Amino acid sequence: MLLCPFGGTLVAPSVRHLYVHIPFCHRVCPYCSFYKHTPGNTPMAAFVDAVLAEAEMAGRDYDLKLDTVYFGGGTPTALSEVHLERLLTGLRERMDLTGVREFTCEVNPRTITDSKADMMRAQGIDRISLGIQAWDEETLRTLGRDHAPDDAEETFHTLRKAGFRSVSIDLMFSIPGQSLEAWRGTLERSISLNPNHISAYNLNYEEDTEFFERLRKGQYRVEEERDADFFYAALDQLNSAGYEHYEISNYARPGYRSIHNEAYWLGEDYIGLGPGSYSTAKDHRWQNIADTNRYIELLQSGQSAAQPGEALTAEQRRTERFGLELRTARGLPESLVKAPEQRMIRVLGEEGLLLVENGHIRLTRAGKPLVDSVAVALMGA
């Protein structure tokens with residue numbers, strides 16, 4: 001029986017997806033709300049040991065039939081080549097990864113060498129998510145990035161040379177001071193590299209970030225019309241270049257969708273390792289302690305780093321699916337919509353924001369940039 005961090009017991013669930021959080025960043029970006037910090041005096045060898053100890057616990061406590069593994073952060077490649085290799089080797093020793101169909105690692109420019117890229121590929125990582133965000137110097141400065149455009153392109157070619165099956169480029173738009181012309185240029189330069197996948201995220205102002213404080217003080221503004229212009233620029237340029245728009249912020253060449261992220265959007269269970277990571281299994285959700293030093297101490301003493309979580313009700317899971325599946329090209333199953341909400345489907349359909357096909361509610365071109373508002377309207381009908 002599995003002792004859950006939220007109290008009680010349950011039969012060990014079968015889980016197909018693993019997330020590993022590496023919280024280190026050489027520079028903390030002012031827009032990022034994920035748990036992260038500079039390496040400081042963190043004992044890296046002890047950190048790796050702690051993650052491997054937690055992996056061993058997970059291997060005992062869950063029926064892990066892993067389909068995907070995702071290393072995120074933070075910056076996983078902020079770890080030295082030695083520490084990252086030991087983490088990857090140790091993970092393989094403690095978990096059966098033979099059935100993994102996709103192994104992703106997030107990468108920031110200037111944290112990769114030829115040797116590190118070759119090691120990662122040899123260790124089984126086959127998909128890279130490269131955080132470029134923008135190709136013009138001014139926008140990169142606003143975002144607090146520590147790389148220049150040429151650094152990013154050099155990193156991209158290093159990853160290609162190492163032979164990863166898929167290399168994705170991550171971009172952001174509606175950055176303060178960013179012009180539509182600069183955004184179109186970022187899209188054009190990204191397309192010219194022919195990545196397998198491109199993520200294009202609308203900047204969100206998250207609490208506990210420098211950008212949120214500037215928004216609160218009136219230094220930055222949210223402009224929905226501007227956001228829509230940037231969104232449509234990405235949609236049109238990437239579609240014209242042959243990329244499939246399979247989720248609001250994600251575009252892929254045929255056969256190169258992110259399997260791991262699709263599992264999130266479809267509400268599948270996953271286990272998180274590392275400080276600050278989240279897990280959802282058997283209608284329960286919990287988070288590891290968001291304190292790296294304390295995380296290390298707990299695992300060193302044989303204790304779990306999981307904090308008390310919550311049991312998710314059927315209604316909570318249903319409303320989460322509204323917010324996630326409506327973002328996908330497949331759409332939201334119409335069967336999830338209760339009778340009182342059916343009227344709103346008709347209203348939003350008449351407004352040209354959605355349509356119903358093959359039992360699924362899908363956003364129209366006009367509805368896509370308004371996905372969050374449409375989901376709220378459906379749920380609040």
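**Exercise 1.** How many residue pairs are in polar contact between domain 1 and domain 2? Describe the side of domain 1 that takes part.

*Solution.* The model is predicted.

Step 1. The domain assignment gives domain 1 as 14-266 and domain 2 as 322-379.

Step 2. Between domain 1 and domain 2, the count is seven residue pairs in polar contact, both residues at pLDDT 80 or more.

Step 3. The elements giving two or more residues to the side of domain 1 that touches domain 2 are α8 (224-240), β9 (244-247) and α9 (259-265). Of these, α8 gives the most, with five residues.

Step 4. By class, this side of domain 1 has nine nonpolar, two polar and two charged residues.

**Exercise 2.** What area do domain 1 and domain 2 bury between them, and which three residues of domain 1 supply the most of its share?

*Solution.* Step 1. The centres of the two domains, taken over C-alpha atoms, are separated by 29 Å.

Step 2. In contact are 13 residues of domain 1 and 12 residues of domain 2.

Step 3. The area buried between the domains is about 1,100 Å², with 57% of it on carbon and sulfur atoms.

Step 4. Tyr-232, Ile-248 and Trp-265 supply 43% of the area that domain 1 buries against domain 2, more than any other three residues.

**Exercise 3.** Where in the chain do Arg-327 and Glu-247 lie, and is Glu-247 buried or exposed?

*Solution.* Step 1. Two salt bridges are counted between domain 1 and domain 2. The side chains of Glu-247 and Arg-327 meet in a salt bridge, at 2.6 Å from N to O.

Step 2. Arg-327 is in the loop between α11 (314-325) and β15 (332-333), while Glu-247 is in strand β9, and these positions lie 80 residues apart in the numbering.

Step 3. Buried means under 20% relative accessible area. Arg-327 has 19% and is therefore buried; Glu-247, at 2%, is buried as well.

**Exercise 4.** Which helices does the salt bridge of Arg-189 and Glu-153 link? Set its partners beside those of the Arg-94 and Glu-93 pair.

*Solution.* Step 1. The side chains of Arg-189 and Glu-153 meet at 2.7 Å, N to O. Arg-189 is in helix α6 (residues 180-192) and Glu-153 in helix α5 (residues 149-162), 36 residues apart.

Step 2. Arg-189 is partly exposed at 24% relative accessibility, and Glu-153 is partly exposed at 24%.

Step 3. Arg-94 forms a salt bridge with Glu-93, with the closest N and O atoms 3.7 Å apart. Here Arg-94 counts as partly exposed at 31%, whereas Glu-93 counts as exposed at 61%.

Step 4. The structure holds 28 salt bridges.

Conventions. Residues numbered from 1 in each chain as written. Predicted model: local features only at pLDDT ≥ 70, side-chain atom pairs only at ≥ 80, totals over all residues. Heavy atoms only, no water. Domains from an automatic or database assignment. Contact = heavy atoms within 4.5 Å. Buried area = accessible area lost by both parts, 1.4 Å probe. Salt bridge = Lys/Arg side-chain N within 4 Å of Asp/Glu carboxyl O. Polar contact = N/O pair within 3.5 Å; in protein donor to acceptor, adjacent residues only side chain to side chain. Helix = DSSP H or I, 4+ residues; strand = E, 2+ residues; numbered from the N terminus. Nonpolar A, V, L, I, M, F, W, Y, C, P; charged D, E, K, R; others polar. Buried < 20%, exposed > 50% of the residue type's maximum accessible area, 1.4 Å probe, protein only.
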